[in-house]
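Hi,

Here is the structure I said I would pass on. Have a look, and my notes follow underneath.

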Amino acid sequence: MATLRTVAEFREHVRSLGVDIPLDDSLQPGASDPLAQPYRLGDRTIGNRFAVLPMEGWDATAEGLPSDRTFRRWKRFGASGAKLIWGGEAVAVREDGRASPNELLINDANLSGIEALRTALVNEHRDRFGSTESLYIGLQLTHSGRYSKPHDHNRPEPKIVYRHPILDRRLKLADDYPLVTDDDLKRLTVRFVDAAKLAFKAGYDFVDIKQCHSYLGHELLSAVDRPGEYGGSFENRTRFARNVIEGVRSEAPGLKIGVRLNAADWRPFKPGDDGRGIPEPWPLESAQTQADRGESPPYPYAFGGDGTGLGIDLAEPIRLIDQFHAWGVELLCVTLGSPYYNPHFLRPALFPPTDGYKPPEDPLVGVARHIAITALLKKRRPELAFVGSGYSYLQERLAEVGRTVAARGMADFIGVGRMALSYPELPADALAGRAFDRKRVCRTFSDCTSSPRNGLASGCYPLDPFYKNLAEADELKRRKSLWNENKGK
Ligand SMILES: Cc1cc2nc3c(=O)[nH]c(=O)nc-3n(C[C@H](O)[C@H](O)[C@H](O)COP(=O)(O)O)c2cc1C
Ligand code: SF4
């Protein structure tokens with residue numbers, strides 16, 4: 001991307017990839033800028049079409065309260081100029097569902113901390129922009145399921161809802177490793193509803209009932225083998241989401257409901273001989289025998305997948321989005337893939353994190369995939385407010401593409417993830433027609449992911465002076481070079 005200096009070069013490169021990324025450069029900043037248009041949601045107005053995506057920092061206290069670094073990040077979100085704050089970051093609804101001992105936790109004891117985060121963001125926004133009238137803020141509620149590590153960064157304590165032949169092997173789970181029981185899912189439903197009530201009390205406009213990124217809500221959607229009330233049929237696999245959403249609607253009337261949804265998923269990937277990502281073989285041990293028999297058993301564990309583990313079929317996600325609409329969900333944030341086992345789908349990037357692999361495709365193909373899937377779903381359910389993801393790799397072209405996507409109604413909001421860490425004010429600069437500060441444009445170095453994978457707090461170590469100057473920056477460099485030396489051993 002960094003070598004594509006002009007719009008013409010960008011267009012030519014995108015064409016050579018055989019994908020479509022819309023960019024109409026007749027659309028300009030100013031009063032008619034599609035990104036500057038307000039969005040009407042019920043009786044509220046959201047002031048523009050930029051959204052900050054949830055970005056956790058692995059920097060909460062042991063109790064699950066925000067630290068100074070958490071406050072700093074949220075203030076920067078407030079300073080971004082985006083009028084929709086999608087969830088802030090993942091907040092666990094129960095101790096056993098924290099993705100790390102430094103994930104935020106929502107409960108009665110922590111309510112004032114969760115409230116203070118929102119207040120800090122709102123105050124920062126007011127200081128910068130003079131008003132907070134059309135600012136709309138949600139809180140992302142989650143249970144980390146298979147990727148729970150509540151006590152120690154190095155000690156996974158997975159809460160799995162079904163046996164996954166590849167992922168169980170990666171986590172070294174014993175054959176008799178227990179599944180989360182139906183009774184526990186019922187207790188967890190109550191926890192989600194209670195957490196939503198607390199978020200409402202803390203002043204949040206909506207909650208995101210997270211259904212993405214291989215955490216518990218998402219894993220349930222592909223629980224095809226699970227016996228009982230929460231597995232097998234589409235109705236059973238979506239029961240948990242439905243019960244939480246219905247519970248929130250009846251117990252916190254007035255609180256809006258959003259869902260961050262994995263619209264598609266794929267097989268886990270791993271580094272191939274040249275370090276590039278390749279999909280895990282499927283089926284596993286029996287592959288040869290099955291292939292000998294000319295059989296190709298389906299890969300059933302990718303929600304939104306076509307049964308091969310490599311392709312997309314949006315029939316079930318569309319059916320689910322129709323249900324969400326019927327259940328009263330009003331906002332939908334579209335995302336893809338998993339941060340743990342196929343991150344290139346989720347975060348198109350040139351440089352892999354230390355536990356990753358070199359990109360198996362031009363990252364612009366990943367950007368185009370996000371845009372196309374979101375546009376298709378928006379067309380299907382125009383009543384919902386749609387937020388797109390995966391734009392940061394566009395770098396200097398982020399606003400121009402975002403403007404075109406918004407103008408064409410392919411998404412209502414342009415979500416900004418990694419860019420909000422390196423250069424939070426990019427939305428404000430884009431809306432004001434100011435030239436971008438090129439030194440702060442996210443170059444997808446992936447240090448914000450490599451740091452937590454190495455037990456360190458997340459942040460933009462390469463470009464944000466605050467992180468660049470921390471002792472952790474040297475530690476991260478040391479661990480990255482160790483990883484480079486040991487690769488493949
Ligand atoms: C450091 C880091 C933290 C993230 N934290 C969250 C999170 O708490 N919740 C979530 O839904 N997604 C999270 N994501 C995913 C982002 O919200 C976003 O989907 C992804 O980075 C792709 O968008 P981008 O291209 O703008 O970065 C995180 C990503 C990164 C890199
Ligand atoms: S560390 Fe900074 S530059 Fe690298 S991906 Fe994260 S935000 Fe972007």
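For what comes next, a residue counts as near a molecule if one of its heavy atoms lies within 4 Å of it. Please keep in mind that this is a predicted model.

I started with ligand 2. Its surroundings include a run of neighbours in the sequence: Cys442, Arg443, Thr444, Phe445, Ser446, Asp447 and Cys448. Arg418, Cys460, Pro462 and Leu463 are also around ligand 2. By character, this shell splits into six nonpolar, three charged and two polar residues.

Then the backbone. Most residues other than glycine have a negative phi, and most peptide bonds are trans. That makes a few spots here worth a look.

One of the shell residues, Thr444, has a positive phi, near 55 degrees, without being a glycine. You will find Thr444 in the loop that runs between α15 (426–432) and α16 (447–453). Is Thr444 buried or exposed? With a relative accessibility of 1%, Thr444 counts as buried, because the cut-off for that is under 20%.

Gln395 also has a phi near 55 degrees, again positive in a non-glycine residue. Gln395 sits between β13 (385–388) and α13 (398–407), in the loop there. Its relative accessible area is 3%, so Gln395 is buried.

Last, the peptide bond: going from Trp282 to Pro283, the bond is cis, and omega is near -5 degrees. Pro283 belongs to the loop between β11 (277–279) and α9 (287–292).

Cheers

Technical notes. Residues are numbered from 1 along each chain as its sequence is written. Chains are lettered from A and ligands numbered from 1 in the order in which they are written. This is a predicted model: local features need pLDDT of at least 70, side-chain atom pairs count only at pLDDT 80 or more; totals for chains, interfaces and linings use all residues. Side-chain values use heavy atoms; hydrogens and water are left out. Ala, Val, Leu, Ile, Met, Phe, Trp, Tyr, Cys and Pro count as nonpolar, Asp, Glu, Lys and Arg as charged, and the others, Gly among them, as polar. Helices (H or I, at least four residues) and strands (E, at least two) are DSSP runs, numbered from the N terminus. Buried means under 20% relative accessible area, exposed over 50%, partly exposed in between (1.4 Å probe, protein chains only).
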